[in-house]
Amino acid sequence: MAQELYQLSATEISQRLAKGELTSRALVEALMKRYHALNKKVGAFTHLDEADVLAQADASDARRKAGKTLGPLDGIPVGIKDNIAVKGQPLTCSSKMLAPLVSPYDAHVIESLRAAGAILYGRLNMDEFAMGSSTENSAVQKTFNPWDLARIPGGSSGGSAAALSAGLVPLALGSDTGGSIRQPASHCGIIGLKPTYGLISRYGLVAFASSLDQIGPMARTIDDCVLLLNALASPDARDMTCFNKNHRQQLPEVAAKSLRIGVPKGVLGKGVGAEVAAATQAAIDFYKSQGCTIIEVDLPSSDLAVPTYYVVATAEASSNLARYDGVRYGHRSANAKTPIEMMTNSRSEGFGPEVKRRILLGTFVLSAGYADAYYVRALRARSKIRAEHLAALEKVDMLLTPTVPTPAFKAGEKISDPLQLYLEDIFTIPANLAGLPALSVPCGKSGHLPVGFHLVGAPLSENKLLAAARLFEAAHGFANQLPTL
Amino acid sequence: MSQGLDIDHLAKLARLNLTADEKKLYTQQLSQVLTYFEALAKADLPPTADVAMVVDESALRSDEPGKPLGAEAVTKIAPASHDGQISVPRVVDDES
């Protein structure tokens, strides 16, 4: 069967471009055609500057013709989550607060992608300011799961995941504070990696919770994920948490027999859907059949992860979002006579309900009389969770769990119950609290809906996680699967 | 623990105007979330928090002046500006 261009993985595109069988212009024209046919239905992109995309593609083709190609990503489109700054493009975080904003500068990862010749392709929908697990908190539009358009794609990087699984773009950037790359990746049947805290610079990423936020690659195959990761991870003095050494490495071959995989005690029990549990168990059984050692591990403080996260993340968000005051950029209320009125009215008009809820919660846990009981205790719990994970990862190479307890739910089903939505992130949150790399890999279906499993490794063990995932990918048919739309 | 939730006080600290309906809804939802947070109050925790990065390899950059965006780029994205400066409502009253 002849493959359509939109079905190609980034790695296949790269090979075709290198052989001269394909031009970047022909590729982006095919993708834009698909964008016009499907984006209204899926709602993944909030903005696509077609003239700019064509100019970038032509520049890439000209470089190739002149023998000056910039590497394997040259000419390949990468969709960008709308909280990562691209000079001259909207930077709205899917919020009314930033609706008028056009970024005056490039994020570090965008500079890196430009240097690699990648095509910066559109702005992807998200939960407002990355707060949410369904992309229903976007103030711009709804995004739907390409596997079932009545369901959510996950979030907050829901636009990125939906664009990949709808074949609208071969690669995308997401950001992950508590699962915002991995949870939508699982729901949309693609790959999503949250790197080690510090591997990728956040310069130019709109801050949500700075001690947790990471940018990461999203793709339809492991090779593609590696291709994008290698372009993103480089030192940057403008983010003081970014590592000052270069950690780019080629993917090593991993001998299955040497892998020790930890499965937390009782992880497939309470709250996990039967088919999610079965798909995860099948992944565990696969690794066992390959000669891996499966070891049960104890992470006694796992129950504290969600409350700890929602204290730390909202506290940091209430502080980070204090900058939206209507003074320097973004929305300014037309109804204000005094500076305080300007700030209060601008914020009240600009922020949506979930953002207000989290700012209020973060304000409470930091307020006089409550900070010790909530914020300081959450920091202590975070230390304990991290210590338990690091201790477990001395005995095993990685931890394996489901990515999300249940498959994608129906649009509107949980929007009125914030606590239920917060529990979507129960397996993904510990990696953010501990600063560890984590990956979601497609491993089957629950009915017609994709299910992913989740690998968490020691700091800077991205390559080991990706190699283990590649073993699984090579033996199964889940890579680069697209639903019929 | 959640009895201390004074929504008017929080809204003032957070610089948000809330309608009566919003106040009711957020009070109810936040109380529910705070009840869920009670696991933290009961947990046996280490006496202090270790807030260092998991890999401590970051470093402060050298303290050299960089190139700022410049007044034109900054005022271009500002909601209101005048003569290359961002304008805001009057901060100081005439009488004071």
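## Close-up views of a two-chain predicted model

**Figure 1. Chain B holds four helices and two strands.** The model shown here and in the views below is predicted. Along the sequence, the elements of chain B run α-α-α-α-β-β. The radius of gyration of chain B is 23 Å. The globule rule gives 12 Å for 96 residues, so chain B is more spread out than a compact globule. Measured out along the principal axes, its C-alpha trace spans about 55 × 50 × 30 Å.

**Figure 2. Chain A contains 15 helices and 11 strands.** Its 485 residues have a radius of gyration of 21 Å. A compact globule of that length would come near 23 Å, and chain A agrees with this. The C-alpha atoms of chain A occupy a box of roughly 65 × 55 × 45 Å along the principal axes.

**Figure 3. Chain B meets chain A through 45 of its residues.** On the other side, 64 residues of chain A take part. Four elements of chain B each give two or more residues to its side of the interface: α1 (7–13), α2 (20–36), α3 (38–42) and α4 (71–77). The largest share, six residues, comes from α2(B). By class, the chain B side has 35 nonpolar, six polar and four charged residues.

**Figure 4. Helix α11(A) crosses α2(B).** Helix α11 of chain A covers residues 353–366. Its axis and that of α2(B) come within 11 Å and cross at roughly 55°. The two helices are therefore oblique to each other. The crossing is right-handed. From α11(A), the contact uses Arg357(A), Leu360(A), Leu361(A) and Phe364(A). From α2(B), it uses Tyr26(B), Gln29(B), Leu30(B) and Val33(B). Six of these residues are nonpolar, one is polar and one is charged.

**Figure 5. An open sheet of 11 strands in chain A.** The strand order is β1-β3-β2-β4-β6-β5-β10-β11-β9-β7-β8, and the pairing is mixed. Strands β1 (45–47) and β8 (293–297) of chain A stand at the edges. Each has a single partner strand, so one side of each is left without a neighbour in the sheet. Neighbouring strands are turned by 35° against each other on average, direction ignored.

**Figure 6. Strands β7 and β9 of chain A run parallel.** Strand β7 covers residues 260–264, and strand β9 covers residues 398–402. Two bridges join them. Gly262(A) has Leu399(A) of β9(A) as its bridge partner.

**Figure 7. Helices α9 and α12 of chain A pack at an angle of about 125°.** Helix α9 spans residues 305–320 and helix α12 spans residues 372–395. Their axes lie 9 Å apart. Angles of 65 to 115 degrees count as roughly perpendicular and those over 145 as roughly antiparallel. Helices α9(A) and α12(A) are therefore oblique to each other. Their crossing is left-handed. Helix α9(A) contributes Ala305(A), Thr308(A), Val311(A), Val312(A) and Ala315(A). These meet Tyr374(A), Tyr375(A), Ala378(A), Ala381(A), Arg382(A) and Ile385(A) of α12(A). The contact divides into nine nonpolar residues, one polar and one charged.

**Figure 8. Helices α7 and α15 of chain A pack at about 160°.** Helix α7 runs over residues 222–232 and helix α15 over residues 462–475. Their axes are 9 Å apart. The angle makes α7(A) roughly antiparallel to α15(A). Ile222(A), Cys225(A), Val226(A) and Leu229(A) form the α7(A) side of the contact. Glu462(A), Leu466(A), Ala469(A), Arg470(A) and Glu473(A) form the α15(A) side. Six residues of this contact are nonpolar and three are charged, with no polar residue.

**Figure 9. Backbone details in the loop between β3 and α5 of chain A.** The loop lies between β3 (119–124) and α5 (158–165). Phe129(A) is placed in this loop. Its phi is positive, about 55°, although Phe129(A) is not a glycine. Ser156(A) is found in this loop too. A cis peptide bond joins Gly155(A) to Ser156(A), with omega about 10°.

How values were computed: Residues are numbered from 1 along each chain as its sequence is written. Chains are lettered from A and ligands numbered from 1 in the order in which they are written. This is a predicted model: local features need pLDDT of at least 70, side-chain atom pairs count only at pLDDT 80 or more; totals for chains, interfaces and linings use all residues. Two residues are in contact if their C-beta atoms, placed from the backbone, lie within 7 Å. Ala, Val, Leu, Ile, Met, Phe, Trp, Tyr, Cys and Pro count as nonpolar, Asp, Glu, Lys and Arg as charged, and the others, Gly among them, as polar. Two strands pair if DSSP finds at least two bridges between them. Axes are lines fitted to C-alpha atoms, for helices over the stretch in contact, and angles run from 0 to 180 degrees between N-to-C directions. Angles under 35 degrees count as roughly parallel, over 145 as roughly antiparallel, 65 to 115 as roughly perpendicular and the rest as oblique. A crossing is left-handed if the near helix is turned anticlockwise from the far one by less than a right angle, and right-handed if clockwise. The radius of gyration is taken over C-alpha atoms; the globule rule is 2.2 Å times the number of residues to the power 0.38.
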